[in-house]
Amino acid sequence: EMLIQIFILSSIFHIVQSEVVDTVEECNKNESDKMKDEFNQCALKFGFEFEDTRNAFIQQIYLEEAACIFISNIVEKCGQVWSRCHTEREVVTMKTSQVKSLLTTYREMVNIEQCEVVTEYIKVSHRFEKNCSDANMLSVQNELQNCSYTRCSTAYERVQNLSSPALIESTLCNTLQNIVQDCIGVLDICLSEEDQQEMVESFLNNLRQFLERIGGEHNEWYTG
């Protein structure tokens with residue numbers, strides 16, 4: 001059963017990893033002003049570089065790439081200074097707001113689906129819109145863990161007493177279906193349906209492989 005618990009924990013870690021919020025000492029006015037000035041200077045530098053690119057290339061594909069790089073530089077490079085005076089969660093919020101602001105100005109040049117930094121912070125924005133705190137996220141993680149662990153443990157105990165491949169297949173398939181029906185829904189608390197799709201798919205693939213190992217040599221259920 002320890003193996004089951006470790007597996008569930010490692011799988012969920014990739015789905016609803018809770019944020020660690022580090023506190024920082026409050027900056028005084030001089031430190032805060034210096035931080036803001038450094039960000040502005042950094043943003044101005046990348047802004048000039050982007051304008052040069054816009055003037056040099058008129059093809060849309062080059063503009064899309066340049067716009068994505070510009071946004072990434074502003075958020076990831078210039079935004080590094082924010083950690084001096086803000087907690088990790090505050091920095092994420094500021095970066096998300098910055099992405100939204102830049103998109104308002106440069107939306108026609110940004111291929112949102114192809115720009116990784118934009119898609120990443122849109123996901124973060126969806127989570128914040130759901131008012132999902134760190135405590136909520138941890139609760140979601142624990143609930144999904146406990147729900148999945150209970151059903152996997154029950155399946156493991158049942159399979160030990162079965163010799164029929166058909167019954168083993170049925171037990172494991174039903175277990176997977178029960179996890180989908182009873183456990184996955186908890187993600188709605190903190191994640192949008194779009195954000196859940198890829199993560200849930202990975203989680204269920206891991207579960208299939210684990211339940212297949214529980215079934216031992218009777219693994220034909222996996223393709224059923």
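In the predicted model, the axes of helices α2 and α3 approach to within 10 Å and cross at roughly 175 degrees. Because angles over 145 degrees count as roughly antiparallel, α2 and α3 are therefore described as roughly antiparallel to each other. On the α2 side, the contact is made by Phe-39, Cys-42, Ala-43, Phe-46, Gly-47, Phe-50, Thr-53 and Arg-54, and these residues meet Leu-63, Ala-66, Ala-67, Phe-70, Asn-73, Ile-74 and Lys-77 of α3. Two packed helices are described by the angle between their axes together with the distance between the axes.

Helix α3 covers residues 60-77, and its 18 residues should span 26 Å at 1.5 Å a residue, which agrees with the 25 Å that separates its end C-alpha atoms. The buried residues of this helix are Leu-63, Ala-66, Ala-67, Cys-68, Phe-70, Ile-71, Asn-73, Ile-74 and Val-75. Phe-70 of α3, when its neighbours within four places in sequence are left aside, is in contact with Phe-46, Gly-47, Phe-50, Leu-102 and Tyr-106; among these, Phe-46, Gly-47 and Phe-50 also belong to the α2 side of the helix pair.

The largest nonpolar core comprises 31 residues, and those with the most contacts inside it are Phe-70, Ile-71, Ile-74, Val-110 and Val-118. Two or more residues are given to this core by each of the elements α2 (29-56), α3, α4 (88-106) and α5 (116-129), and α3 gives the most, with 7 residues. A second, separate core of 24 residues includes Leu-144, Cys-183, Leu-187 and Val-200. In soluble globular proteins, nonpolar side chains tend to be buried together.

Taken over the chain, the secondary structure comes to 8 helices and 0 strands, with the pattern α-α-α-α-α-α-α-α when read along the sequence. Of the 224 residues of the chain, 39% count as buried. Among contacts in the chain with a separation of 6 or more, 77% are accounted for by residues 24 or more positions apart.

Helix α7, at residues 165-182, was examined in the manner applied to α3. With 18 residues, α7 should span 26 Å at 1.5 Å a residue, and the distance of 25 Å between its end C-alpha atoms agrees with that expectation. Its buried residues are Ile-168, Thr-171, Leu-172, Cys-173, Thr-175, Leu-176 and Ile-179.

A search of the whole structure finds 5 salt bridges, of which several are described here. Side chains of opposite charge can pair when their charged atoms come close. Asp-33 forms a salt bridge with Lys-29, with the closest N and O atoms 2.8 Å apart, and both residues lie in helix α2, separated by 4 residues, or about one turn of the helix. Asp-33 counts as partly exposed because its relative accessibility is 34%, whereas Lys-29, at 62% relative accessibility, counts as exposed. Arg-54 forms a salt bridge with Glu-51, the closest N and O atoms being 3.1 Å apart; these two residues likewise lie in helix α2, 3 residues apart, which is again about one turn of the helix. Arg-54 is partly exposed at 29% relative accessibility, and Glu-51 is partly exposed with a relative accessible area of 30%. An α-helix has 3.6 residues a turn, so residues three or four places apart point the same way. Arg-54 is also one of the α2 residues that make the contact with α3.

A further salt bridge joins the side chains of Arg-151 and Asp-182, with an N to O distance of 3.4 Å. Arg-151 lies in helix α6 (residues 134-160) and Asp-182 in helix α7, so this pair ties together parts that are 31 residues apart in sequence. Both partners count as partly exposed, because the relative accessibility is 25% for Arg-151 and 46% for Asp-182.

Ser-32, which lies in helix α2, is buried because its relative accessible area of 18% falls under the 20% cut-off. With residues up to four places away in sequence not counted, Ser-32 touches Cys-27 and Cys-85. Helix α2 thus holds the buried Ser-32 as well as the exposed Lys-29.

Methods: Residues numbered from 1 in each chain as written. Predicted model: local features only at pLDDT ≥ 70, side-chain atom pairs only at ≥ 80, totals over all residues. Heavy atoms only, no water. Expected span 1.5 Å × (residues − 1). Buried < 20%, exposed > 50% of the residue type's maximum accessible area, 1.4 Å probe, protein only. Core = buried A, V, L, I, M, F, W, Y, C linked by side-chain atoms within 4.5 Å. Contact = heavy atoms within 4.5 Å. Salt bridge = Lys/Arg side-chain N within 4 Å of Asp/Glu carboxyl O. Axes fitted to C-alpha atoms, helices over the stretch in contact; angles between N-to-C directions. Parallel < 35°, antiparallel > 145°, perpendicular 65-115°, else oblique.
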